[in-house]
Each structure stands twice: as structure tokens, then as C-alpha cells.
Amino acid sequence: MAIKDGYTLVVLGAGVMGTAVTAAVTESNMKPFPKRVILCSKSANSHERLKKQFQQDYVEVVTDVDRKKAAIKEADVVLLGCKPFHFESVHEEVRDSLAHNPLVISLLAGVTIDNLSIFSDKIARVMTNTPAQFGAGMATVALSESASEYRQFVVDFASCVGAAQEIPEKNMDAATALVGSGPAMCLLMMEALYDGGVRMGLTHDVARTAAAKVMEGTAKMALETGEHPAVLKSKVCTPGGTTIGGLLKLEDAGVRGAIARAVEEAAIISASFAKK
Ligand SMILES: NC(=O)c1ccc[n+]([C@@H]2O[C@H](COP(=O)([O-])OP(=O)(O)OC[C@H]3O[C@@H](n4cnc5c(N)ncnc54)[C@H](OP(=O)(O)O)[C@@H]3O)[C@@H](O)[C@H]2O)c1
């Protein structure tokens, strides 16, 4: 059954990512658009935070277990946003409310479609990242066979964070590493650029802004030209110039291999979260 305009969205685990995706969807012009959004969390702190952030009259915030169960019974779409190691206890709480087999969109790292089938057979895994909070996120999507009829809906839903692409489920751990953990890796590089600027006398204010704008601008240049990064990089290297000198220092330190291996390690850890 297609998801129709006026559907009910229940967010089970409205933490950092659940909140970011919900905000992206509710601030979008996406069709179909939900008529009710019910945000479920566990603590009183989250309850207060969510009440403050979402003031639309169609958004409800619940922490009480009976109200969570009632919400899930009404759900056309469940957005699962708990920590990977909590999914079984979260399922235990609402298991009696899932008989109608809703579409479940999981944001969880590592937890497979097979693991998530305790919720429903209509599972979509979406891996996204914290830049989603600013409309600059990336999302990858993988669907169970029974969810394939919801492909367009899920890709449009995930695209609200910025951009989305469907990939096979076997690549979700790689996507978790690159998309989910990638921002932290970029921040480490940004911090290093900032430190270098300060070392050479720039003020903190100038170095912080410059490091961030350099990364933002470079990403924009790569996206808009569609060129391979190596091609763009070689265009910036004047023979005998400053840039090639700096790049060779990075190559001496093995930075390229270290970053690629960081993605590999994060993907291995993501794969270890799956229940065998
Ligand atoms: N953070 C990232 O950069 C990132 C990137 C990509 C993917 N992810 C994935 O996104 C998922 C969420 O991560 P996060 O960083 O958003 O974590 P988070 O901020 O800790 O959010 C988890 C939420 O789950 C809620 N929760 C726990 N038990 C619950 C229950 N029984 N019923 C309802 N809600 C419950 C918590 O409520 P309380 O707040 O009330 O405790 C919290 O709001 C993870 O599975 C992670 O793999 C995260």
C-alpha cells in the first residue's frame, strides 16, 4: 500500500539523528506530507527538548510506554532512531503494536534488514549524518524485498536531509563509515588545517573560518565540476610552488592511506554491530 498524504509518522528514538531527519522532513515540501508526527523518547530531558524544538500543532511528544504502544498502532511509517544496541529492548516495548506491519525506516548503524525483521517485513535502512541538521546531509538507502514498492517514498524521505542514493544492503557498512563517520574525519582534518594556520600566526578566528570555508568550497567545487579529486588537486599544484610542497609532506606522513584505512576500520566496526 502506498504511503498517502496525511500519513502518520512515529519516530521511535528521537535523539540527534531522529530529530535531524524529522526536522528535515517537516521543514520540506515533500509529498506525501505527514498529518501527524509522534516523537518517542525515554527521558524527561528529551521530552522537554523535543517540545521546545517542535511546536507545530501536528507534532506530539511521548515518553510514556502505553502512549508509545498506542502511537505505533497508528503508525504508517516508523522512523527508528535508537542506538544500535537498544533495538531489541525498544522492540520489546512495542512488539504488540506492530501487527499491521508498518514501513520501518531504520537509521541504525550495522543492524541488518534481517535483524530488523522483528519489527516488520517492510524495512528500509537509511544511513545519514549530522550535517543533515543543516540540510547538507548525505543518505544511503537499502530496502528489504517487501519494502521495494516504497522505494520512491523512502528515497524522497531520505533526500530531505540533503541528498540520497540507493545502494545494495551489502554496502551499508561502507556507507556507515563514509557517510556516518565521515564528518568526524573531516572535522579532524579541519582542526589540523586550523592548527597549521594558528602555528603560522593567523588569529584563531581567521583560522577557524578559513579552515571551514576551504573544506566547504572544495566540496562544492568537486560536486559542481563532477571531476575526480586527483584532477582538481593537480590543477592547484603550480610547478615548484607551495601546494605541491605541502602535499608531499602529507604523502610522507601516509595521510592518504591513513584516511582510507580509517574508513575501512569504521566499516569493520559497523559490520560487528549486526546480530548473527
Ligand atoms: N550521531 C551520528 O553521527 C550518527 C550518524 C549516522 C547514524 N547514526 C545512527 O543513528 C542512531 C541514533 O544515534 P544518535 O546519535 O541520534 O543517538 P541518540 O542521540 O542517543 O538518540 C537515541 C534516542 O533513542 C531514544 N531511546 C532509547 N530508548 C528508547 C525507548 N525505549 N523508547 C523510545 N526512545 C528511546 C533516546 O531517548 P532519550 O534521549 O530520552 O534517552 C534517544 O533520544 C544510531 O543507531 C546510530 O547508529 C548516528
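Two strands pair if DSSP finds at least two bridges between them. I keep that rule at the head of the page. Helices (H or I, at least four residues) and strands (E, at least two) are DSSP runs, numbered from the N terminus.

**Entry 1. Ground rules**

I am working on a predicted model, in which local features need pLDDT of at least 70, side-chain atom pairs count only at pLDDT 80 or more, and totals for chains, interfaces and linings use all residues. Residues are numbered from 1 along each chain as its sequence is written.

**Entry 2. Strands S7 and S8**

I looked up strand S7 (residues 137-143) and found it paired with strand S8 (residues 162-166) in the parallel sense, over five bridges. In this pair, Gly-137 stands opposite Gly-162 of S8. Helix H6 (residues 151-159) completes a right-handed β-α-β unit with S7 and S8. I call a crossover right-handed if, with the strands pointing away from the viewer, the path from the first strand over the helix to the second runs clockwise.

**Entry 3. Whole protein**

I noted 12 helices and eight strands in the protein. The C-alpha trace spans about 70 × 40 × 30 Å along its principal axes. Of the 276 residues, 33% are buried. A residue is buried if 20 or more other C-beta atoms lie within 10 Å of its own, exposed if 12 or fewer, and partly exposed in between, with C-beta atoms placed from the backbone. For contacts, I take two residues whose C-beta atoms, placed from the backbone, lie within 7 Å. Among contacts in the protein with a separation of 6 or more, 66% are between residues 24 or more positions apart.

**Entry 4. Domains**

I have domain 1 at 7-167 and domain 2 at 176-272, with bounds that come from an automatic or database domain assignment. Their centres, taken over C-alpha atoms, are separated by 32 Å. Nine residues from domain 1 and eight residues from domain 2 take part in the contact. The side of domain 1 that touches domain 2 has four nonpolar, five polar and no charged residues. In this classing, Ala, Val, Leu, Ile, Met, Phe, Trp, Tyr, Cys and Pro count as nonpolar, Asp, Glu, Lys and Arg as charged, and the others, Gly among them, as polar.

I then checked the UniProt record, an unreviewed entry. It lists residues 9-110 as "domain: Pyrroline-5-carboxylate reductase catalytic N-terminal". UniProt positions are given in the numbering used here, feature names are shortened, and annotations may be inferred rather than shown by experiment. Over residues 9-110 I read 38% helix and 21% strand, with the end C-alpha atoms 23 Å apart. The same kind of record, also unreviewed, lists residues 169-267 as "domain: Pyrroline-5-carboxylate reductase dimerisation". Over residues 169-267 the chain is 82% helix and 0% strand, and its end C-alpha atoms are 13 Å apart.

**Entry 5. Strand S1**

I found five of the five residues of S1 buried. Thr-8, Val-10 and Leu-12 lie on one side and Leu-9 and Val-11 on the other, and both faces are covered. S1 and S2 run parallel and are joined by five bridges, with Val-10 opposite Ile-38 in S2. S1 also pairs with strand S4 (residues 77-80) in the parallel sense, over four bridges, and here Val-11 stands opposite Leu-79. S1, H1 and S2 form a right-handed β-α-β unit.

**Entry 6. Listed binding site**

Which residues does UniProt list for "binding site"? The unreviewed entry gives Leu-12, Gly-13, Ala-14, Gly-15, Val-16, Met-17 and Ser-41. They span 30 residues in sequence, yet no two of their C-alpha atoms are more than 12.4 Å apart, so they gather at one spot.

I looked at two of these positions. Gly-15 sits in the loop between strand S1 (8-12) and helix H1 (16-26). With 18 other C-beta atoms within 10 Å, Gly-15 is partly exposed. Ser-41 sits in the loop between strand S2 (36-40) and helix H2 (44-53). Ser-41 is buried, having 24 other C-beta atoms within 10 Å. Neighbours within four places in sequence aside, I find Ser-41 in contact with Ala-14, Ser-46, His-47, Leu-50 and Thr-63.

**Entry 7. Ala-219**

I placed Ala-219 in helix H9 (residues 204-225). Ala-219 counts as exposed, with 12 C-beta neighbours inside 10 Å. Pro-229 is 10 residues from Ala-219 in sequence and 9.6 Å from it in space, C-alpha to C-alpha.
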